[in-house]
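Here is a friendly walk through one protein, with its aromatic rings as the starting point. Please keep the viewer open as you read.

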Amino acid sequence: MLPLDELRTLLREHDDPLHRELPRDFDKEASARRFGHLTAALERRFGPSGSAGLYQDASVYGRFSVADGAGPAGSAGSDGSDGRLWVELSNFGGFVTAGRGTGWSADSAEGLSAKFVDWLDGVCTAAGCVLVPLELLLEPYEGPTTTLVDDDRFFVETLAALGLDDEDGEDGEDDDMRAVWADRYFAYV
């Protein structure tokens, strides 16, 4: 896997506020080929416990999900995660990430075995992709592109300015209103 500083540089280089869903030079065939290569490798590893799907109106191209506790084809037990495993390909930079569970959180980044991450990094390299660890994608996003989190924050701030804010809000909600790199490259737009 590339060093984190190089990955951060790549994330910044591919950021273009004029193109939120697809890069200006988006190659549909190359993305389909990359996703096909990724899903074929994941299907060989996880067998029928995996499924793939594509996104629309998003900066993420597609997701491959593996059922809870599924191991490699022909074996029992978990391989690479505790709970549901997922791998996503972005429309930008051939970026790929993986996690477990159902959502984007620090917990999703935990539990991937080093063996699985090394294997996935090799698959990504062969597919012309760049594996970006979820931990990096959960770092605060301060780029020029507006995300849905920014839109939500603006809405909440407008309600507060009008005196219509929710007084029953929970502590820590401000953390949910900060965009992260995953909101830029792996989310609906």
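Let us begin with a group of rings: Phe92, Phe95, Tyr141, Trp181 and Tyr185 come together as one aromatic cluster. Please bear in mind throughout that this is a predicted model.

**The cluster and its surroundings**

Two members of the cluster, Trp181 and Tyr185, make a stacked aromatic pair, with 6.0 Å from centre to centre and 10° between the planes. Both residues belong to helix H8 (residues 181-185), where they sit four residues apart, about one turn of the helix. The general geometry helps here: an α-helix has 3.6 residues a turn, so residues three or four places apart point the same way.

Is Tyr185 buried or exposed? Tyr185 has a relative accessible area of 0%, so it counts as buried. Its partner Trp181 is buried as well, at 9%. Setting aside residues up to four places away in sequence, Tyr185 touches Leu11, His14, Asp15, Ser59, Val60, Ser90, Phe92 and Phe95; two of these, Phe92 and Phe95, are members of the cluster. The C-alpha atoms of Tyr185 and Leu22 are separated by 9.5 Å, although their positions lie 163 residues apart along the chain.

A charged side chain also meets this cluster: Arg184 lies over the face of Phe92, 4.5 Å from the ring centre. A similar arrangement involves Arg45, which lies over the face of Trp119 at 4.5 Å from the ring centre.

**A pair that links a helix and a strand**

The model contains eight aromatic pairs. In one of them, the ring centres of Phe35 and Tyr61 are 5.6 Å apart and the planes meet at 65°; edge-to-face requires an angle over 60 degrees, so this pair is edge-to-face. Phe35 is part of helix H2 (residues 28-46) while Tyr61 is part of strand E2 (residues 60-66), so the pair ties together parts that are 26 residues apart in sequence. Phe35 is buried at 8% relative accessibility, and Tyr61 is buried at 13%.

**Helix H2**

How does the span of H2 compare with what its 19 residues should give? At 1.5 Å a residue the expected span is 27 Å, and the end C-alpha atoms are 26 Å apart, which agrees.

The buried residues of H2 are Ala30, Ser31, Phe35, Leu38, Thr39, Ala41, Leu42, Arg45 and Phe46. Viewed down the helix axis, they fall within an arc of 160°, so they line one face of H2. On the other side, Glu29, Arg33 and Arg44 are exposed. The buried residues pack against strand E1 (50-54), E2, strand E3 (85-90), strand E4 (95-100) and helix H4 (114-127).

Both ends of H2 deserve a look. At the N-terminal end, Asp27 acts as a cap, with a side-chain oxygen 3.2 Å from the backbone nitrogen of Glu29. Just after the helix, Gly47 takes a positive phi of about 65°.

**Strand E2 and the loop before it**

Arg63 is another residue of strand E2. With a relative accessible area of 15%, Arg63 is buried. Its side chain joins that of Glu88 through a polar contact of 2.6 Å. Beyond its neighbours within four places in sequence, Arg63 is in contact with several residues, including Phe35, Tyr55, Trp86 and Thr102.

Asp57 sits in the loop between E1 and E2. Its phi is near 60°, a positive value in a residue other than glycine. As background, most residues other than glycine have a negative phi. Asp57 counts as partly exposed, at 44% relative accessibility.

Here are accessibility values for some of the residues discussed above.

| Residue | Relative accessible area | Class |
|---|---|---|
| Phe35 | 8% | buried |
| Tyr61 | 13% | buried |
| Trp181 | 9% | buried |
| Tyr185 | 0% | buried |
| Arg63 | 15% | buried |
| Asp57 | 44% | partly exposed |

**The whole protein**

Stepping back, the protein has eight helices and five strands. From the N terminus on, these elements run α-α-β-β-β-β-α-α-β-α-α-α-α. Of its 189 residues, 40% are buried. Among contacts between residues at least 6 apart in sequence, 70% join residues at least 24 apart.

Conventions
Residues numbered from 1 in each chain as written. Predicted model: local features only at pLDDT ≥ 70, side-chain atom pairs only at ≥ 80, totals over all residues. Heavy atoms only, no water. Phe/Tyr/Trp six-rings, centres within 6.5 Å; stacked < 30°, edge-to-face > 60°. Helix = DSSP H or I, 4+ residues; strand = E, 2+ residues; numbered from the N terminus. Buried < 20%, exposed > 50% of the residue type's maximum accessible area, 1.4 Å probe, protein only. Lys NZ or Arg CZ within 6 Å of the ring centre and 35° of its normal. Expected span 1.5 Å × (residues − 1). Arc of directions from axis to C-beta. Contact = heavy atoms within 4.5 Å. Polar contact = N/O pair within 3.5 Å; in protein donor to acceptor, adjacent residues only side chain to side chain.
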